[in-house]
Amino acid sequence: MSVSPLEYECLSEGILQKKEDFLHESLECEYTSSQEIELLKEYKKAVDYSTIVSISDEKGIITYVNKAFINVSGYNADELIGRPHNIIRHPENPPEMFQHMWKTIREKRVWQGRIKNLAKDGTSYYVDTTITPILNPDGNIVKFLALRHDITKLIEQEERIAQQLSDRLTGLPNRVKLMEDVESGEFVAIGLLNLDAFQELNNLYGHKIGDEILQNFAVYLRENLNEEKCYLYKLPSDEFAILSKLALEKEVFKHIVIRLIHTLDSHRFFIGGHEIYLSVTAGMSCGNGAEMLINANIALKNAKRNKLPYELYDAHKHEKEHYANNQEMIKTLKYALSNDLVFAYYQPIYNNITHKIDKYETLMRIVNEEGSVLSPFFFLDVAHKVKIYPELTKAILRKAFTMFQDKEIRFTVNLSIEDIRNSNTQAYIFDMLSTFAKPGNVVFEIIESEGIDNYKIVKEFVAKAKKYGAQIAIDDFGSGYSNFMHLLELEANTIKIDGSIIKNILEDRNSQILTKTIVSMAKELNMKIVAEFVSSKELQEAVIAMGIEHSQGYYLGEPKPYLIDEPIDL
């Protein structure tokens, strides 16, 4: 329910008592009939319930506050009225923001923005604020009406997400964010930088100085990496990464990294009273996706082994290292399978209609001998090549079915075309379904991006799974072949729109058109829709505006080894 600034101003100060009062206040209110007055009172009640309201004079002195303002600020009306708004101003707000605000409203224009406020008890809260100048019949400002909405929980949620994707020490994006960006396919070159002899520096100066070295090196990289579309990341321990979106020649990207290394040679760091020189070893690779990061790691290891300052990955030159890396991963996979170290992580899928989590996607992780958790990004290709993949599928099915056996909520498990073609894996799946208490809660996500080359086998699998009551979702829809006619034949219950499309719908018209087409088609076919890769408030709002019923992504909840069972408060 909406109400104009003038209507609210009239109501808030009791000007509806008589028309003479309106004239006395130099304001004219059109609503003079008793019915209109009663209707406006209802408007005011609705606004007061959902909105923090204050009115101030032309100098900014508060003349009215509603109950919501009193509740959120902790001050009573007597403490607020007659005071300027800086009584609740938080010192972290930049002065320039208020200078711009006053300039805008004094020019009789509406100002909107986010403000951090300070309550009476010293706690902070955030408000989304709209300030409207109230003009008299002569066009002069007589008052300012400020309408605010408390967005503290939203800001805290955004900060939590930022913390999950940021390194706490340096503030740079962390490994999780790097993996997310590499998987997006938008980046074409990567450089891994490893600080030389960092452990010795730690032992010599202590961990406090060690942390400051990492912080200062992060600042150095920020200041010296001037190339457009190059992004910095802080990885575990003493490693950093540079990603580039530029379509660079290998030699050009190599020279960007080399320049950083050479500039570092003459750079002195003064930390804790010590003069410290740093050097790095770099491994670089150009390409796309997971292979690019793996290859950069191979180049880095080779550079360290040969005491070189840097190395650019070359497929022919590093063929042996690539094989060695694969062998190491095979060993890790076998170790994880034999020691029950294949784990299920669960990412919530949020219902945009009920505003609750109503299902979870089960995602695979393994733990290596060092105790590090690895995502499929690192091991899936190798697992497929050496035929370990079916055992991984069985392991994740066991974990998922065990987790949800006593829960009244749906869960999804990813199945590749290889899983469906494999008769042993199929038999295992149906054995699990036949003994599961709630097969109607099971959703199998078929990975569409791999391309389905034998629809007959897939259709037979889908029909049999549905006989048990299980549901079918098409994952990564829009990233692969997206054969709409075959999609009709599969009779899937849900389409999951690929993240590579969703993450671009704010700026890319083609992504918008494609998304709208998929949504329209799905609704005609009575299919549910899930938007993947929803990583921000803006994306979530766009997804909802397009009529998509479900959302999934880091904005709504990252994968965890346990269930996030509280509804997300957005």
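Trainee: Which residues of H14 are buried?

Mentor: Phe377, Phe378, Phe379, Val382 and Ala383. Buried means under 20% relative accessible area, exposed means over 50%, and partly exposed lies in between (1.4 Å probe, protein chains only). H14 is a helix of residues 376-385. Helices (H or I, at least four residues) and strands (E, at least two) are DSSP runs, numbered from the N terminus. After H14 comes Lys387, with a positive phi near 65 degrees.

Trainee: What do these values rest on?

Mentor: On a predicted model, where local features need pLDDT of at least 70 and side-chain atom pairs count only at pLDDT 80 or more, while totals for chains, interfaces and linings use all residues. Residues are numbered from 1 along each chain as its sequence is written, and side-chain values use heavy atoms, with hydrogens and water left out.

Trainee: What makes up the chain in helices and strands?

Mentor: The chain has 22 helices and 21 strands. Of its 570 residues, 50% are buried.

Trainee: Why is Leu264 called buried?

Mentor: Its relative accessible area is 1%. The limit is under 20%, so the label holds. Leu264 belongs to helix H11 (residues 250-265).

Trainee: Which residues does Leu264 contact, apart from neighbours within four places in sequence?

Mentor: Contact means heavy atoms within 4.5 Å. Leu264 has such contacts with Phe217, Tyr220, Phe269, Leu278, Ser279 and Val280. Take Leu278: 14 residues away in sequence, yet 6.9 Å from Leu264, C-alpha to C-alpha.

Trainee: Why does Pro236 count as exposed?

Mentor: Its relative accessibility is 52%. The limit is over 50%, so Pro236 qualifies. Pro236 sits in the loop between strand S7 (230-234) and strand S8 (239-244). Its C-alpha lies 7.3 Å from that of Arg175, across 61 residues of sequence.

Trainee: How do you know whether Phe533 is buried, exposed or partly exposed?

Mentor: Its relative accessible area is 27%. That falls between the two limits, so Phe533 is partly exposed. Phe533 lies in the loop between strand S20 (528-531) and H22. Its phi is positive, about 65 degrees, although Phe533 is not a glycine.

Trainee: What about Asp476, buried or exposed?

Mentor: Buried, at 16%. That value is under 20%, so the label follows. Asp476 is part of strand S18 (residues 471-477). Its phi is near 55 degrees, positive in a residue other than glycine.

Trainee: What makes a set of residues a nonpolar core?

Mentor: The members are buried Ala, Val, Leu, Ile, Met, Phe, Trp, Tyr and Cys residues, joined through side-chain atoms within 4.5 Å. In soluble globular proteins, nonpolar side chains tend to be buried together. The largest core here has 95 residues. Among those touching the most other members are Leu392, Phe444 and Phe461. Helix H15 (residues 389-404) contributes the most, 8 residues. A second, separate core holds 32 residues, including Leu221 and Phe240.

Trainee: Why is the pair of Phe430 and Phe461 called tilted?

Mentor: Rings of Phe, Tyr and Trp (its six-membered ring) pair if their centres lie within 6.5 Å; planes under 30 degrees apart are stacked, over 60 edge-to-face, the rest tilted. The search of the whole structure finds 15 aromatic pairs. For Phe430 and Phe461 the centres are 5.4 Å apart, with 40 degrees between the planes. The angle is neither under 30 nor over 60, so the pair is tilted. Phe430 in helix H17 (residues 423-435) and Phe461 in helix H18 (residues 455-467) are 31 residues apart. Both Phe430 and Phe461 are buried.

Trainee: How do you know that the charged end of Arg89 sits over the ring of Phe98?

Mentor: The test is NZ of Lys or CZ of Arg within 6 Å of the ring centre and within 35 degrees of the ring normal. Arg89 passes, 3.9 Å from the centre of the Phe98 ring. Lys234 passes over the ring of Phe240, at 5.4 Å.
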